[in-house]
Structure formats: C-alpha cells, structure tokens
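Student: I would like to go through this structure slowly, and to ask at each step how a word is earned. Could you start with a term we will need before we look at any values?

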Amino acid sequence: NARAEISGKPWIEDLTVVPDTQCTVKRVIGEICKVDIAPDGKTLALITKDDSYNVKLHLVNAATGDERVSPVDIKSLPDRVGLAAKFFPDGTNIFAGSLSSFVNSKGKVTPSGFDLSSIEMNEKFSIECCDISPKFVACGVTTFPFGGRSLHMVVFDQKSKKCVKALEVLKFRFGGSAQFGVRCCAISANESLLC
C-alpha cells in the first residue's frame, strides 16, 4: 500500500544477499548491515554478518563488484562492538565500529590513536552508528550499565584525538529493550550541528 501511495518517489528497503541472489557485488554472502562509499566513489565498504555472527568488512570495487582485498574479520577488532562503517573524508581509513582501531584502504587494521580515557562513561557500550567530518568523529552508542540502558552521542576531535562531548540523549528507567538505540547520526556540512 505504501508503494502505491508514493508511486514515482524513491523507495528504500533492507536487502539480504544469499548464495543465489543476482547482484553486482560478487561473493559477498550474509546480511549486509552497513554500507558506505569512499569519497572518490571507487570503493564500497560493506559490513556483513552471517548466521554464526561472523562479522566482516568487505572493500569492494564499485564498478566491477570485485573485492579489492580479502575480507577483514572485524569481530576481533579491539573494542569493536556494534555494526558501523564509514570512510574518513580522505579515504585512507574506514571506521568499522572500533574507537581504538581503524581499517585502512588496503584492509589492514591500524591504531586509531584516540584517547579512549577521555570518554567520560564508565559503562560498556556498543557503537550503533557513526558519521565523520574533517574535524570530528561522532558515534551513536548504547550503554549496558547495571540496572538500565542509555543512549549517548560521543564526539571525538580528530586533531586532539580526545572525546570532546559525550551527551546522554535517552535513559531507560527499567532496562530498555534491544530494539531501541541510536540508529544513525549525521554531522552538518559546516560541522556546527549533530543530528
């Protein structure tokens, strides 16, 4: 019904790739959880997970669908919790859900250099989404404190490598549900607004 009512307008759906799916991306099996495209438009970063919760980052040639490097097992990245993928503006690194490590454009894990002690949260958290500008890295996170959950936005300054803001956006009184979380975030073009 919704499609009939918005006829002629863009329609977006979640898609899952299975072995017999015809698609441009070759040999990528599993649920595609996140996608980003490099600033030069030549490479796709795909985060996939399968039924056994194997989580991989695929760097794919946007024109041919071929993988540029072997898939990176990001489930083993230090401090990686959650599913996020975002190219840095210069295209050299990809944020893949870890604040302590990035993946470079050649598929190698590199230290982020971020001062994780500058985050003023004591609870463990999962990174649900991110956005990156030339100056900032912003992450939407869900905490897992004893007796409840809360949603935060965490902003790192790329030059100082420190957390400049950790803002609690929602606190659940009675634990909350796994269906709630910060699902996306965006930094405005002039870097004055975080949504």
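Tutor: Let us begin with contact, which means heavy atoms within 4.5 Å. Please keep in mind that the model is a predicted one.

Student: What share of the contacts in the protein chain with a separation of 6 or more comes from residues 24 or more positions apart?

Tutor: Among contacts with a separation of 6 or more, residues 24 or more positions apart account for 39%. As for the elements themselves, the protein chain has one helix and 13 strands, and along the sequence the helix comes before the strands, in the pattern α-β-β-β-β-β-β-β-β-β-β-β-β-β.

Student: Why is R149 called buried?

Tutor: The relative accessible area of R149 is 12%, and buried means under 20%, so R149 counts as buried. R149 lies in the loop between β11 and β12, and its C-alpha atom is 6.2 Å from that of K171, although the two are 22 residues apart along the chain.

Student: How do you know that D157 is buried as well?

Tutor: D157 has a relative accessible area of 17%, which again has to be set against the limit of under 20%, and therefore D157 is buried too. D157 has its place in strand β12, and, leaving aside neighbours within four places in sequence, it is in contact with F114, K135, F136, K162 and V164. The C-alpha atoms of D157 and A138 are 8.9 Å apart, with their positions 19 residues apart in sequence.

Student: What makes A189 exposed?

Tutor: A189 has a relative accessibility of 87%, and exposed means over 50%, so A189 is exposed. A189 is found in the segment after β13 (162-171), and its C-alpha atom is separated by 9.8 Å from that of P134, 55 residues away along the chain.

Student: Why is Y53 called partly exposed?

Tutor: The relative accessible area of Y53 is 34%, which is neither under 20% nor over 50%, and therefore Y53 is partly exposed. Y53 lies in the loop between β3 (43-49) and β4 (55-61).

Student: What is said about the phi of Y53?

Tutor: Phi of Y53 is near 60°, a positive value in a residue other than glycine. E191, in the segment after β13, is not a glycine either and has a positive phi of about 60°. Such values deserve a remark because most residues other than glycine have a negative phi.

Student: How many residues does the largest nonpolar core have, and which of them have the most contacts inside it?

Tutor: The largest nonpolar core has 17 residues, and F95, L99, V137, C139 and F156 have the most contacts inside it. The elements that give two or more residues to this core are β10 (125-132), β11 (136-143) and β12 (150-157). A second, separate core has 15 residues, among them V72, I74, L77 and L83. In soluble globular proteins, nonpolar side chains tend to be buried together.

Student: Which classes of residue make up the lining of the second largest pocket?

Tutor: The lining of the second largest pocket has eight nonpolar, no polar and three charged residues. This pocket has a volume of about 240 Å³, and of the 11 residues that line it, D79, L116, E123, K124 and F125 are the closest to its centre.

Notes. Residues numbered from 1 in each chain as written. Predicted model: local features only at pLDDT ≥ 70, side-chain atom pairs only at ≥ 80, totals over all residues. Heavy atoms only, no water. Helix = DSSP H or I, 4+ residues; strand = E, 2+ residues; numbered from the N terminus. Core = buried A, V, L, I, M, F, W, Y, C linked by side-chain atoms within 4.5 Å. Buried < 20%, exposed > 50% of the residue type's maximum accessible area, 1.4 Å probe, protein only. 1 Å grid on protein atoms, 1.4 Å probe; cavity = no way out; pocket = protein on both sides within 12 Å on 5 of 7 lines; lining within 4 Å. Points joined across faces, edges and corners; volume = space filled by probe spheres on them. Nonpolar A, V, L, I, M, F, W, Y, C, P; charged D, E, K, R; others polar.
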